Amino acid sequence: MVHSYSVHDGFLEVSSIQQGDIERLRTLRNLDAIRFSFIDSRVISPEEQKMWFERYKEKDDDFMFAIRLAQTTVGFFALYGYDRDRETVEFGRFMIDPKHQGKGSGRRAIALALLIAFGKLKVSEVTLEVFGENTTAVKLYDSAGFKVVSGKGDLVKMAYRAIGNRAE
Ligand SMILES: CC(C)(COP(=O)(O)OP(=O)(O)OC[C@H]1O[C@@H](n2cnc3c(N)ncnc32)[C@H](O)[C@@H]1OP(=O)(O)O)[C@@H](O)C(=O)NCCC(=O)NCCS
């Protein structure tokens with residue numbers, strides 16, 4: 001399903017990816033510094049990427065976003081596994097170009113992802129899985145308000161619950 005969500009915070013803009021974004025997504029995703037933080041860390045070919053985008057366009061539970069600073073695409077993230085009945089979605093495929101890391105774009109992108117998830121998709125919980133050894137990401141998620149809900153081998157599962165849906 002083609003969607004066209006777009007939100008910004010006056011500094012960073014996140015918007016639904018289009019065909020013209022998929023090669024930038026592929027090359028960024030294939031960098032060693034990025035792909036080794038993902039469960040599926042294979043190098044993706046241009047053909048595989050095109051096939052992925054064709055399948056992606058048919059889905060109605062998967063939303064992939066480009067993160068842009070002025071006119072430059074500095075990263076990507078996805079909200080996927082959207083379950084309308086359970087009001088949940090998963091945050092992932094999160095990457096910032098190493099050339100643009102450490103400047104606050106990751107933190108801002110998470111805030112905008114939560115805005116889309118709670119404000120537009122109307123979920124009550126956003127979950128994610130991250131390798132425990134990826135301390136930069138774990139710390140970032142923790143400071144953004146995600147709480148650890150379980151650990152499965154090397155993976156840590158975290159969740160951000162809407163106010164009013166929190167256990168504590
Ligand atoms: C995780 C990631 C998206 C963060 O993006 P970013 O734009 O660098 O994030 P920010 O600039 O907003 O920094 C967020 C925090 O991480 C810290 N940080 C960023 N890069 C760091 C590094 N290389 N080492 C240690 N800390 C780092 C920052 O200091 C900041 O902490 P602070 O606010 O307490 O100072 C980025 O590092 C990345 O793409 N990593 C590879 C892919 C990945 O791990 N994705 C997540 C998979 S679950």
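A residue is called exposed if 12 or fewer other C-beta atoms lie within 10 Å of its own, buried if 20 or more do, and partly exposed in between. With 11 C-beta neighbours inside 10 Å, Lys 122 therefore counts as exposed. The structure to which Lys 122 belongs is a predicted model, and this report goes from the whole chain to its sheet, then to single residues and the ligand.

## The chain as a whole

The chain contains 5 helices and 8 strands, and when these elements are read from the N terminus on, they run β-β-α-α-α-β-β-β-α-β-α-β-β. Its C-alpha atoms fill a box of roughly 45 × 35 × 30 Å, taken along the principal axes. For 168 residues, a compact globule would have a radius of gyration near 15 Å, and because the chain has 15 Å, it agrees with that expectation. Buried residues account for 24% of the 168 residues. If one takes the contacts between residues at least 6 apart in sequence, 55% of them join residues at least 24 apart.

## The sheet

In general, the strands of a sheet pair through backbone hydrogen bonds, and they do so either parallel or antiparallel. Here, 8 strands form an open sheet with mixed pairing, in the order β1-β2-β3-β4-β5-β6-β8-β7. Since β1 (6-8) and β7 (147-152) each have a single partner strand, they stand at the edges, and one side of each is left without a neighbour in the sheet. On average, and with direction ignored, neighbouring strands of this sheet are turned by 25° against each other.

Helix α4 packs on the sheet, where it touches β1, β2 (12-16), β3 (62-69), β4 (72-83), β5, β6 and β8 (155-161), and its direction makes about 35° with that of β4.

Three of the strand pairs are set out below, each with one pair of residues that stand opposite each other.

| Strand pair | Sense and bridges | Opposite residues |
|---|---|---|
| β3 and β4 | antiparallel, 8 bridges | Phe 63 and Leu 79 |
| β4 and β5 | antiparallel, 6 bridges | Ala 78 and Gly 92 |
| β5 and β6 | parallel, 3 bridges | Thr 88 and Glu 125 |

Strands β3 and β4 form a hairpin with 2 residues between them, and in the turn Ala 70 has a positive phi of about 55°. The hairpin of β4 and β5 has 4 residues between its strands, and in this hairpin Glu 87 takes a positive phi near 55°.

## Residues in loops and in a strand

Glu 87, which is not a glycine although its phi is positive, is found in the loop between β4 and β5. This residue is partly exposed, because 16 other C-beta atoms lie within 10 Å. Lys 122, the exposed residue of the opening paragraph, lies in the loop between α4 and β6, and its phi, near 60°, is again a positive value in a residue other than glycine.

A further loop residue is Ile 44, whose place is between α2 (32-35) and α3 (46-58). With 16 C-beta neighbours inside 10 Å, Ile 44 counts as partly exposed. When its neighbours within four places in sequence are left aside, Ile 44 is in contact with Arg 26, Arg 29, Asn 30 and Gln 49. The C-alpha atoms of Ile 44 and Phe 65, which are 21 residues apart along the chain, are separated by 18 Å.

Val 126, by contrast, is found in strand β6 (residues 125-131), and it counts as buried because it has 24 C-beta neighbours inside 10 Å. Apart from neighbours within four places in sequence, Val 126 is in contact with Val 89, Phe 91, Leu 114, Ala 117, Ala 159 and Tyr 160. Between Val 126 and Asp 85, which are 41 residues apart along the chain, the C-alpha separation is 14 Å.

## The surroundings of the ligand

There are 17 residues around the ligand, and of these Ser 37, Ile 96, Gln 101, Gly 106 and Arg 107 come nearest. At least two residues of this shell are supplied by each of β5 (88-96), α4 (105-120) and α5 (135-144). Sorted by character, the residues of the shell divide into 7 nonpolar, 8 polar and 2 charged.

How values were computed. Residues are numbered from 1 along each chain as its sequence is written. This is a predicted model: local features need pLDDT of at least 70, side-chain atom pairs count only at pLDDT 80 or more; totals for chains, interfaces and linings use all residues. A residue is near a molecule or strand if its C-beta atom, placed from the backbone, lies within 6 Å of it. Ala, Val, Leu, Ile, Met, Phe, Trp, Tyr, Cys and Pro count as nonpolar, Asp, Glu, Lys and Arg as charged, and the others, Gly among them, as polar. Two residues are in contact if their C-beta atoms, placed from the backbone, lie within 7 Å. Two strands pair if DSSP finds at least two bridges between them. Axes are lines fitted to C-alpha atoms, for helices over the stretch in contact, and angles run from 0 to 180 degrees between N-to-C directions. The radius of gyration is taken over C-alpha atoms; the globule rule is 2.2 Å times the number of residues to the power 0.38.
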